[in-house]
Amino acid sequence: MDSLIQTINKLQDVFAVIGEHKIDLPQIVVVGSQSSGKSSVLESLVGRSFLPRGTGIVTRAPLILQMIRYSREDRDAMLKITKNDNIKGWASFLHKPGTIYHNFDEVRYEIENRTDSLAGANKGITHEPIVLKVFTLLYDLTFVDLPGITKVPVGDQPEDIDEQIQELILKYVQQPNSIILAVVTANTDPSTSESLKIARKMDPEGERTIAVVTKLDLIDKGTIQDTTDLLCGHKIPVKLGIIGVVNRSQKDINDNKSMKETLKSEKDFLRSNYPDIYKKHGNKVLAKTLQDILIKHIKKTYPILHKNLQDTKTRLENELKTLQTPDSKVSFILGLLKDTCKSYCDTIIGNRRDVSDKKVMGGARIAQIINAEYLEKINNIDPLYDLTDEQIGIILLNTAGITSSSFVNEKALENMICRQLNNLIGPSMSSVDFVRVEMLKIFDCIDENILETLKRFPRINSDVRNVLHKMLDDKLTNIKEFIKSYIETYQTCLNTTNPNFLFQLVKSSTEMQESFITSYMSNPKGDSIKNKVGSEEDKEDEENLKIQQFKQMLSGLNDLDNTVETSKQVKIHRILTQCYFDFIREIIRDFVPKRIHHKMVKLILDDFEHHLDEFVFTPYVLNRSFDEVLVEEDGVIEDRNRVEKMLDAVNKALKNMVDIQCY
């Protein structure tokens, strides 16, 4: 079973070499404040004094500490290097393969030197880990030792040192596969413990947190009962257990008190002060508990870890495909242009397999702009916007000139309708602009692998985008001019006898109709028509009769008497303007979306591949510029090496994972 931990150690080695990665490995993360006894706990577990000590921040880089119960093969490999048969325990660093340390003071010096190399000689910290292997006869365990939590910078520490440390700690403890080892001192209130605050934040239920209570020997004798309650779990809500330990004091360290003597003193102290529970505490119990927890955790998280590795492998393989150097430059460029066109068109017409469930995009977004946003703006336009009754009256007078105004002043009506239809031009023009912008945005939503490949080659990427820009700009000018001209046609060519417009009047509100007819009925010639309307029973005949009425009135056959008040004319012209605007609006809101779809969207879909061939590929062939256009973007070679390195690490990790499957 211990080989499970050794397998995870191998995975840590693999990923520590490549630096940053997103593989969540099962591991014990040690969290504690400065001077909480964190280093002493680790040294007691290892049975060696090897960690740097001093004031302020001593641990400035994550230390991945792998305790390995060595095999005969491990010992033979060590002897081959050292030729020293007296060595019972030794250490090595991943960054110094082939170097054996059996003097653990030298281990301490190497940790300090490596830390300065990674984080600088000042008091800054680094996220790059140091991997230390300690070969022992004790047990297999893996820890991640992190900088002690601090709040106030000391000496030449950076002002934001507390934020830097918090960020580093959270990076490790927020991973679901991490076990949090929260170090708490017995002589402080657990509610103020920074390590427990972090544990509660990242593991609210305490499912993956174990607490270690240090400095039991420093508390007042009168508070032993309180400490007993603490050790029994009455004050700290964690589910993996609470274990108290007594570590070496500074005097013990100065006197070179051995670990064996320290463990004996610890046992005597616990038996004397906590007779009822002493068997559940101490460094030996802590080591055994951590080993059991880690093994169970590895077995539990294996399926998730294995799937994560498989998914990462697939992703990296796909990413590497986009970074590979093409064998045939001509066929590569031709294939890239065809793939780009196909992915762009598929995104618009909805043929993509990787359909997004996060946002509306592609053709759906174009439809949304046209059918929702544009139509909403058009429908919300007030037909009589900025046209008051007073303005209507003035227009009627001014267009009549020195002559008497007829019942319907066609010049006034044409003036007002032309003026109001202007309000349809702006939103219609804007909808064309919005669709153009969206069609440019869609290019950045095509297949990610194709986009990444285009970004590798800035010249091709620029040329393809320029073709799309030019196509859209050409279509934009033509379509906007046509739509504007189309609306202007209705502004200058009124047809108030159009059957559809007359039907619009019939469909208008009863109040509008009554106002219109009442005004007209003041004309004596309207009496017979009114009687006809009243005596008609059939609805269809009634509507036809009304159409005849409106047709007569709008044709100008019925002049007004001098006694008709101007206000009645204002009311009639207001109604006519509103109805005619609604009539034309219905035509425009049907025409504009169709025009955009037909003369912009569809033409781009039909012609994009042809334009790429004519204006991108053909010039490359004629100018023999394939070498020039395939010059890669800065950093692509580094990215390719990074992906290859990461993929190699994942493959090695998957190979090592086979060892776990048998458990």
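# A walk across the sheet

Start by selecting strand E1 and strand E5 (residues 141-145): these two pair in the parallel sense over 3 bridges. Strands (E, at least two residues) and helices (H or I, at least four) are DSSP runs, numbered from the N terminus, and two strands count as paired if DSSP finds at least two bridges between them.

A quick note before you click on: this is a predicted model, where local features need pLDDT of at least 70, side-chain atom pairs count only at pLDDT 80 or more, and totals for chains, interfaces and linings use all residues. Residues are numbered from 1 along each chain as its sequence is written, and side-chain values use heavy atoms, with hydrogens and water left out.

**Stop 1: strand E1**

Zoom in on residues 27-31. All 5 of the 5 residues of E1 are buried, so the strand is largely enclosed by the rest of the structure. Buried means under 20% relative accessible area, exposed means over 50%, and partly exposed is in between (1.4 Å probe, protein chains only). Show the side chains: Gln 27, Val 29 and Val 31 point one way, while Ile 28 and Val 30 point the other.

Which residue of E5 stands opposite Val 29? Select Val 144, and you have the pair. Over in strand E6 (residues 178-185), the bridge partner of Val 30 is Leu 181. E1 and E6 run parallel and are joined by 5 bridges.

**Stop 2: strand E2**

Now pick residues 63-69. This strand, E2, is mostly covered, with 6 of its 7 residues buried. E2 pairs with E5 in the antiparallel sense over 5 bridges. Val 144 of E5 turns up again here, standing opposite Ile 64. With strand E4 (residues 130-136), E2 pairs in the parallel sense over 7 bridges. Find Arg 69 and look across to Thr 136 in E4, which it stands opposite.

**Stop 3: the whole sheet**

Colour the strands one by one. There are 8 of them in an open sheet with mixed pairing, in the order E3-E4-E2-E5-E1-E6-E7-E8. Strand E3 (90-93) and strand E8 (242-244) stand at the edges with a single partner strand each, so one side of each is left without a neighbour in the sheet. From one strand to the next, the twist averages 25 degrees.

Take a look at the E3 edge: E3 pairs with E4 in the antiparallel sense over 4 bridges. Trp 90 has Phe 135 in E4 as its bridge partner.

**Stop 4: two helices on the sheet**

Add helix H4 (residues 104-119), which lies across E2, E3 and E4 and runs at about 170 degrees to E4. Then add helix H5 (residues 161-173), which packs on the sheet, touching E1, E5 and E6, with its direction at about 155 degrees to that of E1. Axes here are lines fitted to C-alpha atoms, for helices over the stretch in contact, and angles run from 0 to 180 degrees between N-to-C directions.

**Stop 5: zoom out**

The chain has 23 helices and 8 strands, and 48% of its 663 residues are buried. Finish by colouring by pLDDT, the predictor's confidence in each residue, from 0 to 100. The chain's mean is 81, and 85% of its residues reach 70 or more. Where does pLDDT stay under 50? Select residues 522-536, with 18 contacts beyond four places in sequence in the model, and residues 555-566, with 15 such contacts. A contact means heavy atoms within 4.5 Å.
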